[in-house]
Amino acid sequence: MSAVLDLKGVTVRRGKSTILDGVDWQVNEGERWVVLGPNGAGKTTLLQILAARSHPTSGTADLLGERLGRVDVFELRPRIGFSSAALADRIPGHERVRDVVLTAAYGVTGRWQEDYEEFDEQRATDLLAAFDVADLSERHYGTLSEGERKRVQIARALMTDPEMLLLDEPAAGLDLAGREELVGALSELATDEASPVLVLVTHHVEEIPPGFTHLLLLGQGTVQAAGPIAEVLTADNLSAAFGIPLMVAHGGGRWLARAARPAAR
Ligand SMILES: Nc1ncnc2c1ncn2[C@@H]1O[C@H](COP(=O)(O)OP(=O)(O)O)[C@@H](O)[C@H]1O
Ligand SMILES: [Mg+2]
């Protein structure tokens, strides 16, 4: 099995602070990873490297067989699907939902006068259907609910048929129904063998969709633990990463965490 992602000693410094410190991480074909950690742990910084949007200060990052620093990132980026709040903010509210997805084929937001192939049109139609937003395809993006927007953003990230899909906190800001719909859609994606390698960033264990296989626990810029979810997601590991005593439960394919306080009398 070839590594889709291979990080060795990845360190990122900004000014005097060390944001990532010696991160070693390997991801293989077919794996679905969750990156979990508290606010400020360095998750977004790590994803920026995986997305070929930023380079490590030291260490090496091999993405899809190419070493960052030696490869033309403009050739690499279309092979990597990426969805984050910062990218979503660039989508114009007046854009038709269908075009939000379609324009990803050209790496732009805002339709101008590109000539789209029938193949691209069909793929956009299929992705909108897969994320249950086909009915909304003629609507303006700005009129969608937050949950609908998140699903459109992920459809957009998949438009170039990437070999790896990176999602930075896709459930942030969703209400319970919106979150559950998103978790369901991501679970379907995770269990589809045709899907690319997935890396999902979150700070809530409740947002881990069934079908995800591996977990990297990040705390203060270092890897606290990494491996199959059931091995890594223990009360001890989670308590250490979040800095408070926590208990963890698992049922129905989902995870739950809460403070390990003694029961009230
Ligand atoms: N460009 C930057 N300059 C200085 N500090 C930064 C920069 N980017 C991020 N940080 C800091 O690095 C830490 C990790 O940030 P981030 O990767 O966004 O964490 P997370 O996504 O896990 O919340 C935070 O303390 C943040 O303030
Ligand atoms: Mg973040």
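Let's start at ligand 1, where one of its oxygen atoms sits 2.7 Å from a polar backbone atom of Gly40. Keep in mind that this is a predicted model. Stay with the ligand for a moment: Gly42 also offers a polar backbone atom, 3.0 Å from an oxygen of ligand 1. With Thr44 the side chain is involved, as one of its N or O atoms is 2.9 Å from a ligand oxygen. On its own, ligand 1 has 560 Å² of accessible area, and the protein covers 55% of that.

Who else is around? The residues surrounding ligand 1 include Arg14, Ile19, Pro38, Asn39 and Lys43. Sorted by character, the shell has three nonpolar, five polar and two charged residues. Helix α1 (residues 43–50) supplies the largest share of the shell, with three residues.

Now move along to strand β9, residues 214–219. Six of its six residues are buried, so the strand is largely enclosed by the rest of the structure. In a regular strand, side chains alternate between the two faces of the sheet. Here, His214, Leu216 and Leu218 point one way, while Leu215, Leu217 and Gly219 point the other, and all of them are buried.

What does β9 pair with? Strand β3 (residues 32–36) pairs with β9 in the parallel sense, over four bridges, and Trp33 stands opposite His214. Strand β10 (residues 222–228) runs antiparallel to β9, joined to it by six bridges. One spot to look at is Leu218, whose bridge partner in β10 is Val223. β9 and β10 make a hairpin with two residues between them, and in that turn Gln220 has a positive phi of about 50°.

How values were computed. Residues numbered from 1 in each chain as written. Chains lettered and ligands numbered in written order. Predicted model: local features only at pLDDT ≥ 70, side-chain atom pairs only at ≥ 80, totals over all residues. Heavy atoms only, no water. Near = heavy atom within 4 Å. Polar contact = N/O pair within 3.5 Å; in protein donor to acceptor, adjacent residues only side chain to side chain. Areas by Shrake-Rupley, 256 points an atom, 1.4 Å probe, with all protein chains shown as cover. Nonpolar A, V, L, I, M, F, W, Y, C, P; charged D, E, K, R; others polar. Buried < 20%, exposed > 50% of the residue type's maximum accessible area, 1.4 Å probe, protein only. Pairing = 2+ DSSP bridges.
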